[in-house]
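Reader: I am new to this structure and should be grateful for a close look at a single part of it. Please begin with the setting and then proceed to the detail.

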Amino acid sequence: MAIIDVTISQLSESVAEATLLNWKKKPGDAVAEDEILFEIETDKVVFDVPSPSAGILFEILVSDGGTVVANQVLARIDTEGKAVGSGPLAVSSEQLAVGSGQSAHPGIAMPAAAKLMAETGLTASQVEGTGREGRITKADVLAAVASGTEAPAPSAPPPPKLSPAMPIEAHLESPLITERPEQRVPMTRLRARIAERLLHSQATNAILTTFNEVNMQAVIDLRNRYKATFEKEHGVKLGFTSFFVKATVHALRKYPVLNASVEGKDIIYHGYFDIGIAVSSPRGLVVPILRNADQMSIAEIERKITDFSTKAKLGNLSLEELTGGTFSISNGGVFGSMLSTPIINPPQSAILGIHATTDRPVAENGQIVIRPMNYLAMSYDHRIIDGREAVLGLVAIKDALEDPARLLLDI
């Protein structure tokens, strides 16, 4: 018998613990080397943990939803494939021979599975649980969806509409009032961390927001003129975010305090430009970092942003890609936002909010004309950034976008 431990390595300097989401294997299952055993969720990313060796999963020491720390032993594998475990989730010799028998807790769903079942409309009776003691895991729900299982059609008639003419007793007896379903699910570790950071930002920063508007016609014309050639040359589409990144770096060079951070009673001025790009993912908002954005070309920025977006959707962003940053950009315009006040991402001291570009009437040389306008918002920490620097910084971004030649001439 040769037993080896399954652990996770150091998470990161800023991550003390994580959540074990769900096991892909059960005690007694054969596993191959590098086959995925379980998922781990930190406050930043979700990642898979592979098996360190081939063999039989001998014992599971931490159940789905358990909290884990770096270097903790989570399971044991018998590399010779003959062991029979003795722990609380170990496989017995009878289980190895004939299976585990009747589930002890059929129909009980783990938190991640319960959330997914609610989203897909499936019930516990439609999903076969393969987790500990018959519990339903997220993988079980995904398997049910993949097999074509559909949510049951609603059998109850729709509740009657309330009418001002109905007596109050009829309102109180209406199913619309008496049948008010609720669902309680725990926050994911990522969502809890986002909530914590946002509250911390508002509690510790003196946040103020300044606004301006930018005529996007020059950028639109430039993009339309070169987008086909650009994509052919670089293999990536020419978007708008790269122009905002370049304009932002241009402004941060002029007003370095916008790229600074606060540490105690010190102001840290950064001699580099690591720009965080807020990206939506199925698990919440994440902010991967464009490192040394000042040294990146338009094509490199577009390629990196596309990569970030793909990884965010798949949950494959690494801790390194999400760590650091000296300034952030949040684009609510992709969802149709017209105006917002973005919250600073600590320990940064400023953030740029981009919004939807729409045609609006504006005054030019005494005439009313239609132009593609975008409202810009810059939230900043008033403890170290005065209104002058914030306003002039936002004006510098506006000027660079309305006259992109400034980016080439550095003026």
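How many helices and strands are there in the chain, and, as the part for a close look, how is strand β6 placed among its partner strands?

Author: The model is a predicted one. Its chain contains 12 helices and 19 strands. Of its 411 residues, 39% count as buried. The accessible surface amounts to about 22200 Å², and carbon and sulfur atoms account for 53% of that area. Among contacts between residues at least 6 apart in sequence, 63% join residues at least 24 apart.

Strand β6 covers residues 55-60, and 6 of its 6 residues are buried. The strand belongs to an open sheet of 4 strands with antiparallel pairing, in the order β1-β8-β6-β3. In that order β6 stands between β8 and β3. The edges of the sheet are taken by β1 (3-6) and β3; each has a single partner strand, so one side of each is left without a neighbour in the sheet.

The two partners of β6 may be taken in turn. Towards β3, which comprises residues 30-31, the connection consists of 2 bridges, and the two strands run antiparallel. Residue A30 has I56 as its bridge partner in β6, while V31 stands opposite G55. Towards β8, residues 75-78, β6 is joined by 4 bridges, again with the strands running antiparallel. Here I60 of β6 stands opposite A75 of β8. As a general matter, the side chains of a regular strand alternate between the two faces of the sheet.

A further open sheet of 4 strands may be set beside this one. Its order is β5-β4-β2-β7, and its pairing is antiparallel. The edge strands there are β5 (46-50) and β7 (67-69), each of which pairs on one side only. From one strand to the next, the twist averages 40°. Within this sheet, β2 (residues 17-23) and β4 (residues 36-41) pair in the antiparallel sense over 3 bridges, and W23 stands opposite F38 in β4. Helix α6, residues 189-204, packs on this sheet and touches β2, β4 and β7; the direction of the helix makes about 150° with that of β2.

The nonpolar interior completes the setting. In soluble globular proteins, nonpolar side chains tend to be buried together. In this model the largest nonpolar core has 52 residues, of which L290, I397 and L401 touch the most other members. Helix α8, residues 241-254, supplies the largest share of that core, with 7 residues. Leaving aside neighbours within four places in sequence, L401 is in contact with V214, A218, V219, F243, F244, A247 and L376. There is also a second, separate core of 17 residues, and L20, F38, I40 and V68 are among its members.

One polar residue also merits attention. N215 is found in strand β9, residues 207-215. With a relative accessible area of 15%, N215 counts as buried, because buried means under 20%. A polar atom of the N215 side chain lies 2.9 Å from the backbone nitrogen of Q217. Apart from neighbours within four places in sequence, N215 is in contact with E364, R371, P372, M373 and E402.

To return to the part requested, β6 is a strand whose 6 residues are buried, joined to β3 by 2 bridges and to β8 by 4 bridges.

Note on methods. Residues numbered from 1 in each chain as written. Predicted model: local features only at pLDDT ≥ 70, side-chain atom pairs only at ≥ 80, totals over all residues. Heavy atoms only, no water. Buried < 20%, exposed > 50% of the residue type's maximum accessible area, 1.4 Å probe, protein only. Pairing = 2+ DSSP bridges. Axes fitted to C-alpha atoms, helices over the stretch in contact; angles between N-to-C directions. Contact = heavy atoms within 4.5 Å. Areas by Shrake-Rupley, 256 points an atom, 1.4 Å probe, with all protein chains shown as cover. Core = buried A, V, L, I, M, F, W, Y, C linked by side-chain atoms within 4.5 Å. Polar contact = N/O pair within 3.5 Å; in protein donor to acceptor, adjacent residues only side chain to side chain.
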